[in-house]
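I opened the model to look up helix packing, a few single residues and some backbone angles. My notes follow in the order I took them.

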Amino acid sequence: MKRIAIVGGGISGLSAAYTIEKKRQSGTPVQYVLFESSPRLGGVLVTDRVDGCLVEAGPDSFLTEKPWAADLCSKIGLGDQLIGSNDSERKTYILAKGKLVEMPDGLMFMVPTKIMPTVLSPLFSLRTKIRMAAEWFHPRRNAPEDETVAQMVKRHYGSEMVELLADPLLCGIYGGDASQLSVRAVLPRFADMESKHGSLGRGILKARKKMGAAANVPAKPVFTSLKAGMRQIIDALVARLDADALNTSTLVQAVIREHDGWTVSAGYQSDRFDAVIIATPAHAAAALLQGADENLSRDLAGIQYSSSVTVTLGYDEKVRRSLPPGFGFLVPRSEGRRMLAVTFVHNKFPHRAPDNRALVRCFLGGARDEQIIQMSGEEILQIVRDELRQIVAIHTEPLFARVYKWKSAMAQYSVGHLERVQRIESRRQNLPGLALAGNGYTGIGVPDCIRSGAEAAGKILAEMGMWSSA
């Protein structure tokens with residue numbers, strides 16, 4: 001009987017456990033033990049119910065185009081629980097000079113694909129609009145080295161596009177800084193388009209043309225969630241795992257490589273395993289593996305993380321009517337606010353709030369504002385209420401408010417990240433029975449983490465001769 005330790009009980013670790021559990025149930029002679037330092041499983045996937053509203057403490061959805069989360073939901077009996085975002089209501093604003101300005105139609109991430117909406121938009125200056133037109137003639141470029149997202153966007157569209165779109169978008173997704181994040185790691189499709197087509201606008205339109213055969217197929221929603229919240233995934237996964245194999249409030253202090261396996265020390269006990277999957281943030285993995293491979297540990301420690309804060313407020317029907325239509329707004333750094341983005345949850349998804357409630361979700365922190373994680377919930381709430389009053393004129397007291405802090409939760413894929421990950425993988429291969437999973441390597445979203453955990457389990461089972469794609 002082979003034994004596998006899983007360190008970390010977030011979605012990546014649970015995905016790894018589920019992959020092994022399916023093999024165990026099919027008769028494969030394998031066992032697993034999962035260790036989670038906190039009192040509950042699921043990491044940042046936390047859903048609360050308050051005053052008839054569904055409040056997400058962490059991610060509220062996942063990108064539909066990444067299939068791994070929806071596929072897992074189907075396997076664990078949640079296929080009929082998946083819901084799409086209300087894309088007919090999808091409208092996003094940018095806070096510009098203190099006022100909300102609608103993002104023009106046809107913007108794909110930050111790339112204009114429709115001329116007239118962009119030309120007529122008051123969001124951009126004449127100079128930037130001229131740059132957008134000239135971008136269609138941008139020459140192809142095969143960059144020998146990695147660069148930041150800001151460098152690429154500035155080269156194509158100018159610095160205003162970095163300030164108004166690239167930076168706020170990346171703050172919202174990665175909690176990061178466009179002047180630090182790697183374009184090859186964060187926007188690999190854009191790097192590929194630039195090398196093949198030169199113009200990002202032409203590259204996106206050509207990609208759309210290739211998909212023309214599917215033009216009659218109804219468009220899928222951009223975001224997918226679950227009727228009862230993202231926590232449904234965790235609850236359904238845990239229900240399908242061996243309860244005796246799940247250990248919460250159990251901090252792993254050491255992972256030691258032995259000649260024929262691994263020793264995992266947690267609390268006052270040590271146990272021997274044939275393999276170990278470390279599904280923690282990279283800095284925690286670095287500490288655990290320092291004795292096994294100092295160079296591997298150093299590269300893992302080099303992956304930086306940012307912290308984030310989410311604040312959700314519930315308001316009455318009067319506030320709901322007063323808010324603009326759409327999904328919410330982004331806040332460029334030049335506006336001098338602490339908030340990075342705001343989502344009007346009652347518009348984004350069904351089943352999130354009664355018709356007589358407004359549900360407003362605010363994001364703070366990120367790579368440029370780590371200090372906010374040290375503030376009290378009351379101080380953060382005051383900041384949010386002051387800024388909402390100034391931006392969207394909400395003067396009334398919220399019916400309820402919830403503040404959630406996530407310290408060092410969002411991996412930052414800085415320039416050179418892909419090379420770092422290659423080095424990590426090379427060093428890992430020199431340590432039989434070791435696999436790594438989590439958001440620190442090849443994707444930070446929920447689907448990426450699910451894929452990461454499943455692939456880590458697959459690698460270990462393959463090493464043991466217990467894996468097949470059947």
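**Entry 1: a side chain in helix 1**

I started with a pair of side chains: E21 and Q25 are joined by a polar contact of 2.7 Å. This is a predicted model, so I kept its confidence limits in mind. E21 has a second such link, a polar contact of 3.0 Å between its side chain and that of R24. I placed E21 in helix 1. The partners sit where helix geometry would suggest. An α-helix has 3.6 residues a turn, so residues three or four places apart point the same way.

Is E21 buried or exposed? I read 3% relative accessibility, and the limit for buried is under 20%, so E21 counts as buried. I then looked for its contacts beyond four places in sequence. I found Y32, R240, L241 and D242.

**Entry 2: helix 1 against helix 17**

I stayed with helix 1, residues 11-25, and turned to its packing on helix 17, residues 446-463. The angle is about 45° and the axes are 7 Å apart. The two helices are therefore oblique to each other. I noted the crossing of helix 1 and helix 17 as right-handed.

Which residues make the contact? From helix 1 I listed I11, S12, S15, A16, T19, I20 and K23. From helix 17 I listed C449, I450, G453, A454, A457 and L461. By class, I have eight nonpolar, four polar and one charged residues in this contact of helix 1 with helix 17.

**Entry 3: the cover over helix 10**

Helix 1 turned up again when I checked helix 10, residues 231-239. The buried residues of helix 10 are R231, Q232, I233, I234, A236 and L237. What lies over them? The cover includes helix 1, strand 3 (47-50), helix 2 (68-75) and strand 11 (223-226).

**Entry 4: helix 12 against helix 16**

Next I took helix 12 (residues 294-301) and helix 16 (residues 417-429). They pack at about 150°, with axes 9 Å apart. Angles over 145 degrees count as roughly antiparallel, so helix 12 is roughly antiparallel to helix 16. I logged the crossing of helix 12 and helix 16 as left-handed.

N295, L296, R298, D299 and L300 are the helix 12 side of the contact. R420, R423, I424 and R427 are the helix 16 side. How do the residues of this contact divide by class? I have three nonpolar, one polar and five charged for helix 12 with helix 16.

**Entry 5: helix 5 against helix 8**

I looked up one more pair: helix 5, residues 149-157, and helix 8, residues 188-197. Their packing angle is about 45° and their axes are 11 Å apart. Helix 5 and helix 8 are therefore oblique to each other. The crossing of helix 5 and helix 8 is left-handed.

In this contact, M152, R155 and H156 of helix 5 meet F190, A191 and E194 of helix 8. The class split for helix 5 with helix 8 is three nonpolar, one polar and two charged residues.

**Entry 6: S265**

I moved to strand 14, residues 261-266, where S265 lies. S265 has a relative accessible area of 13%, so it is buried. What does S265 touch, beyond residues up to four places away in sequence? I found L251, V252, Q253, A254 and S270. With S270 there is a polar contact of 2.7 Å, side chain to side chain. I also checked S265 against A284, 19 residues along the chain. Their C-alpha atoms are separated by 14 Å.

**Entry 7: loops and positive phi**

I then looked at loops. D51 is in the loop between strand 3 and strand 4 (53-56). Its phi is positive, about 55°, although D51 is not a glycine. D51 has a relative accessible area of 39% and is partly exposed.

S249 is also not a glycine, and I read a positive phi of about 50° for it. I found S249 in the loop between strand 12 (246-247) and strand 13 (252-258).

My last stop was K97, in the loop between strand 7 (92-96) and strand 8 (99-102). Is K97 buried or exposed? At 82% relative accessibility, K97 counts as exposed. I paired K97 with L123, 26 residues apart in sequence. C-alpha to C-alpha, K97 and L123 are 10.0 Å apart.

Methods: Residues numbered from 1 in each chain as written. Predicted model: local features only at pLDDT ≥ 70, side-chain atom pairs only at ≥ 80, totals over all residues. Heavy atoms only, no water. Axes fitted to C-alpha atoms, helices over the stretch in contact; angles between N-to-C directions. Helix = DSSP H or I, 4+ residues; strand = E, 2+ residues; numbered from the N terminus. Parallel < 35°, antiparallel > 145°, perpendicular 65-115°, else oblique. Left-handed = near helix turned anticlockwise from the far one by under 90°. Contact = heavy atoms within 4.5 Å. Nonpolar A, V, L, I, M, F, W, Y, C, P; charged D, E, K, R; others polar. Buried < 20%, exposed > 50% of the residue type's maximum accessible area, 1.4 Å probe, protein only. Polar contact = N/O pair within 3.5 Å; in protein donor to acceptor, adjacent residues only side chain to side chain.
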